[in-house]
Amino acid sequence: MTASQSRASQRKVGRGELSPGCPVRVDEDGVWQVRDFATAREVLRNTATRQAGFAAEHATRAEGRMRVPVLYRDGPEHREHRRQTARFFTPKRVDASYRLLMERLADEQIATLRREGETDLTKLSFALAVAVTAEVIGLTEAGPGMAKRLENFYKKHASANRVTAFARRRRNDFHLGQFYWYDVRPTVRARRAERRDDLISHLLDEGCSSGEILGECVTFMAAGMVTTREFIIVAAWHLFTDDALRADYLAGDEKRRVAVLHEILRLEPVVFDLFRRATEDIVVPGAVIPAGALVDVSLAAANVDPSVVGADGDRVCPARPLGEGVRDEVLAFGEGPHRCPGSYVAIQETDIFLTRLFAEPGLRMVSSPVVGAREEISSYELTNLRVAVTT
């Protein structure tokens, strides 16, 4: 990004040099870089690839001993699992089954803000995201303190030497064990006694062991709560600092508010790089990606490809015209077999919370968030966004 582009950009989270729309190239490490929308969508849809992000190639080492979580599977088995579980994430199901829950949980977090007068919005949004995600996947028998246990488990740690890395793994194992013992285990026991129409019951019907269900819960909770928390914060940050955008959002009906959120997400995709491993040669414009190659698909670059979003792609413009068949958020939720199944959950949850938040009298941002990174999932991490209300 040039200096002039940097000054004009409305992105809150810097991504370095994106080169949107540039042709596919291979870098010095042999990784194929995809930066244009058309090729990015093609690679993500292509069935001649397999998941290679989110430490997938470490997780799949367990195959043969146990079934790995759906995030790390590909092919017919993955497609069948997604087909059977799609009903848990449809807009109709989310609206009918979870809207009232989201509203109640959002009200509880806003009540905390009123009571404290000033607080860290990242903590409120995290508590909300944990509770909603747990309900969606069926983790309803969890004990008190689940959010703290998960926060400890997913907590980012600085790079370490071999001794401290070993201690970190032991600590993570301890927190994972707590999550299993206090949250997953009682839910599995309850579902073995009586099934419900939820993901955990479905996994039991498929013959999954408690350990396999734990693995699915860990990945679904991470996907549902970590990324949603980050999006709530980045969306709130944009609304706090852009009076016209905030007015547009608050004056609009739900459809308009969702359009605003999709546009913010397009500009600020929480996961900004997706990785795939080519299982066959893949022909793309101007190149052939060879079988076995690692492919880095930059959502951050593809989402501002001028051929799709126009020359002002680094600006927030909810009414921007897009190419035919291009979603409002472009590729921010991914594409193809691994497209985020909980996209509607995340957007509805965010909208419900933010409409309540910005309706509070005297609401103000005390300090903007600290921007960090979760390199293991190619994501940003926003912490300590302080907000206050008139008490």
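Which residue is the bridge partner of Ser 367 in E12? Keep that in mind for a moment, everyone, and thanks for coming. What we have on the screen is a predicted model, so please hear everything I say today as a description of a prediction.

Let's start with the small sheet, because that is where the answer sits: in E12, Ser 367 has Arg 386 as its bridge partner. The sheet itself is open and has three strands, in the order E4-E12-E9, with antiparallel pairing. At its edges are strand E4, residues 118-120, and strand E9, residues 364-367, and each of these pairs on one side only. Averaged over the sheet, neighbouring strands are turned by 35 degrees against each other, direction ignored. If you zoom in on E9 and strand E12, which covers residues 386-388, you can find three bridges between them, in the antiparallel sense. A helix joins the picture too: H6, residues 121-137, packs on this sheet and touches E4 and E12. The direction of H6 makes about 60 degrees with that of E4.

If sheets are new to you, here is a bit of background. Strands of a sheet pair through backbone hydrogen bonds, and they can do so in a parallel or an antiparallel way.

Now let's pick out one residue of E9, namely Val 366. Is Val 366 buried or exposed? The answer is in between: Val 366 is partly exposed, since its relative accessible area is 41%. Setting aside neighbours within four places in sequence, Val 366 is in contact with Glu 118, Arg 386, Val 387 and Ala 388. For a sense of scale, try selecting Val 366 and Gly 145: they are 221 residues apart in sequence, and their C-alpha atoms are 28 Å apart in space.

Before we leave this part of the chain, have a look at Asn 384, in the loop between E11 and E12. The phi angle of Asn 384 is positive, near 60 degrees, and this residue is not a glycine. Asn 384 is partly exposed, with a relative accessible area of 33%.

On to the other sheet I want to show you. This one is open as well, with five strands in the order E1-E2-E8-E5-E3, and its pairing is mixed. Strand E1, residues 25-26, and strand E3, residues 49-51, form the edges, each pairing on one side only. E1 is joined to E2 by two bridges, and those two strands run antiparallel. In E2, Trp 32 is the bridge partner of Val 26. Helix H2, residues 37-45, packs on this sheet and touches E2, E3, E5 and E8. Its direction makes about 130 degrees with that of E8.

Let's follow E8, residues 294-298. Why is E8 described as largely enclosed by the rest of the structure? Because four of the five residues of E8 are buried. On one hand, E8 pairs with strand E2, residues 32-34, in the parallel sense over three bridges. Here we meet Trp 32 again, with Val 295 as its bridge partner in E8. On the other hand, E8 is joined by five bridges to strand E5, residues 273-278, and that pair runs antiparallel. Within E8, Asp 296 stands opposite Phe 275.

Another residue to click on is Ser 19, in the loop between helix H1 and E1. Ser 19 has a positive phi of about 50 degrees, although it is not a glycine. Ser 19 is partly exposed, at a relative accessible area of 25%.

Next, a helix residue: Val 345, in helix H15, residues 343-357. Val 345 counts as buried, because its relative accessibility is 8% and the cut-off for buried is under 20%. Apart from neighbours within four places in sequence, Val 345 is in contact with Phe 89, Val 94, Met 102, Val 132 and Val 136. Val 345 and Arg 99 are 246 residues apart along the chain, yet their C-alpha atoms are separated by 9.3 Å.

Last stop, the second largest pocket, which holds about 380 Å³ of space. It is lined by 17 residues, and the closest to its centre are Thr 122, Lys 123, Phe 126, Glu 151 and Arg 229. H6, helix H7, helix H10 and strand E11 each supply at least two residues of the lining. What kinds of residues make up the lining of this pocket? Nine are charged, five are nonpolar and three are polar.

That's my tour, and I'm happy to take questions!

How values were computed: Residues numbered from 1 in each chain as written. Predicted model: local features only at pLDDT ≥ 70, side-chain atom pairs only at ≥ 80, totals over all residues. Heavy atoms only, no water. Pairing = 2+ DSSP bridges. Axes fitted to C-alpha atoms, helices over the stretch in contact; angles between N-to-C directions. Contact = heavy atoms within 4.5 Å. Buried < 20%, exposed > 50% of the residue type's maximum accessible area, 1.4 Å probe, protein only. 1 Å grid on protein atoms, 1.4 Å probe; cavity = no way out; pocket = protein on both sides within 12 Å on 5 of 7 lines; lining within 4 Å. Points joined across faces, edges and corners; volume = space filled by probe spheres on them. Nonpolar A, V, L, I, M, F, W, Y, C, P; charged D, E, K, R; others polar.
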